[in-house]
Amino acid sequence: MTEDIKIKVLNRNLEFIGEKKYNLLELLINAGVNIYANCGGKGICGKCKIKIIEGNYMTDFSYFISKEEQKEKFVLACKTFPLESLIIEIPEESQIKDSQYKAVKDITIYSEIEEENFKKIMEKILLDKTPLVEILDFKLTMPSIENALSDADRLITSIKNQKGESKVVIDNIHVLYKLPSFLRKNNWKGQVLLAEKFLDDEVVLEITDILNNQQTYYGLVIDIGTTTIAMSLVDIKNFENIITKTTFNKQLVYGEDVITRIIYSEKKGGLKELHEKVISTLNDLINDIIENTKILQRDIYVAVVSGNTTMIHFFFNIEAENIRKEPYIPVSTVLPPIEAKEINLLINPQAKVYSVPSVASYVGGDIVAGVVACGIDISEDLCVLIDLGTNGEIVVGNKEFLVSAACSCGPAFEGVGISCGVRAIDGAIEDIKIVNGNVEYKTINNTKPTGICGSGLIDIPAELFKAGVIDRSGKFLENVENHNLKKRIRINDFGEYEFIIESKEFTSINRDIVITQSDIHNILRSKGAIFHGLHTLLKYTNLKFNDIKRFFLSGGFGSFLNIKKAQILGLLPDIDETKFLIAGNTSLLGSKLFLVSRKARKRMFEVAKKMTYIDLSSLPIYMNEYTSTIFIPHTDFSLFPNVLKYLKEDNKG
């Protein structure tokens, strides 16, 4: 028999009962408290730091808890077991908070980011307007002895004639339960909700509901990222984007990357927990959207999801353990649509939920959606798409061929795993310059700084390197010439160098905002993974950087990237800056196209089939040359001639 204990969280005004056998991280997660645990509870990231106020406990102190913090009873939640009821506090930096993130606009085909609504985007890319679901009026002739068709056949025949489609079916028994009384009560007229079914290359229209006088209907499009989730509400009738919201993926409490989460999913009940966390995240966003728009849940008749293959498996509650085990096989790359009620998604219970097809274990529907959104699959020119997120996915190709790869760059660019890293929220430092020994920065919405987001994290190492504070390997130099910069360098409680960007009295978090030696090495490893993945893929296809005509950068982080600084750092190749196109959330835009256009859906299924996936880790060239990329910008300066020239000119200035 297990012993129950009480946990009180002072700064969250929360009290709950848990079982004594669990560690504090597990107890907090089970109670719905979102706390950082990048390593999935292994005790190797130091992010689940909490403070014990009262009560006895057992813990293992680690490198991440300083001696001063030990005296103040700070512990890692994953390494601490309660011996009795406890009162605790969760520091601000340990809490995962939902925030309104900086908006990411969509891309129109072959253009830079434009402030256009979804309807105009549809008109620009000249796709047909054939949504996944449609509400269609009908009026039937009354049956007679001479015309004795069944109710179902009578309705199907009428819809076939209106739509000009060869296949219309009723596969839901609940529609047949409703049909006879509805027709006779409403004088043989009403509306049907039609949804597409995919059977190989054949399209079948399914009558999924019978309605009366429904004037509006909406769809959700969802990008399920490892770190963040984005959701848009689309007016299907008018082809307009109504609102877009983003938030953290609550699965973060189980680890920062897909491999850690897959391992967690293999525990008893682990898959169910991961599935419920992502559904909970989505339902929170749905409630937020409904509150903002005042629409009804029952008026949302369809949802389209895209994401990496692991996230989609978790969304549908499908086991993903073989994705991480050689030969890295998903259960399926094409999943059938299901009804929202089957996964407790808080929209119309009969609404169909579709997913964009994936390519392989590590290249998912988010990339397929991105390829079509950017028009790479119909381009004459050689294009590259890089999705800069927790998992870095790369596509090289055009209408003739498509080759893809994935590289695990970690969530550093999303602010996770960085000492003062944050998402692109109000107060996040997004732009940094060092001018004459002075640090100048810009925050989102010009509010007091709360931390550093992805674009700022690219700026810092590049600026510190240019200013002579760090060397090409990212190490702090002992003899920094500029006095103003030198006095910003110190050794922290863990014995490593850090650079003070802003003093605590000028921040909103009442502590210094810094970049540490470990942070810089984290950033260099992440940028190295991206650059080397692209370089290897081009070598594999016998192509060179200068062969690229259009270079699309997608993902929330990529949308605010300073191209020049990213090139100095060695994240992006040293090619003409005009070739780079900031593409925004192409996964979300592609999902919108999937929702409203049959031609787009057909293209996505074709892209998923024809795209070749390359496992970079199986290529000797990839493993042998990776270390060359974790320098600024690279050990091979011949790859960065313009950067080298720029740095020499800058030093002269």
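Start by selecting strand 11, residues 202-211 (strands are DSSP E runs of at least two residues and helices are H or I runs of at least four, numbered from the N terminus). Eight of its 10 residues are buried, so strand 11 is largely enclosed by the rest of the structure. Buried here means under 20% relative accessible area, with exposed over 50% and partly exposed in between, using a 1.4 Å probe and protein chains only.

Before moving on: this is a predicted model, where local features need pLDDT of at least 70 and side-chain atom pairs count only at pLDDT 80 or more, while totals for chains, interfaces and linings use all residues. Residues are numbered from 1 along each chain as its sequence is written, and side-chain values use heavy atoms, leaving out hydrogens and water.

Now add strand 9, residues 168-169. It runs parallel to strand 11, and two bridges join them; strands count as paired if DSSP finds at least two bridges between them. Click on valine 168 and look across to its bridge partner in strand 11, leucine 205.

Next stop, helix 7: select 270-293. The expected span is 1.5 Å times one less than the number of residues. For the 24 residues of helix 7 that gives 34 Å, and the end C-alpha atoms sit 35 Å apart, which agrees. Step just past the helix to lysine 294, which has a positive phi of about 65 degrees.

Then bring up the open sheet of three strands, ordered 22-21-23 with mixed pairing. Its edges are strand 22 (438-443) and strand 23 (451-452), each pairing on one side only. Strand 21 (residues 428-435) runs parallel to strand 23, joined by two bridges. For one pair to click on, try alanine 428 and its bridge partner in strand 23, glycine 451. Show helix 10 (residues 454-466) as well: it packs on this sheet, touching strand 21 and strand 23 (contact means heavy atoms within 4.5 Å). The direction of helix 10 makes about 15 degrees with that of strand 21; axes are lines fitted to C-alpha atoms, for helices over the stretch in contact, and angles run from 0 to 180 degrees between N-to-C directions.

Last, go to strand 25, residues 497-502. Five of the six residues are buried, so this strand too is largely enclosed by the rest of the structure. On one side, three bridges join strand 25 to strand 24 (residues 489-491), running antiparallel, with isoleucine 491 partnering tyrosine 497. The two form a hairpin with five residues between them, and glycine 495 in the turn has a positive phi of about 80 degrees. Strand 26 (residues 513-516) also runs antiparallel to strand 25, through four bridges. Finish on glutamate 498, opposite threonine 516 in strand 26.
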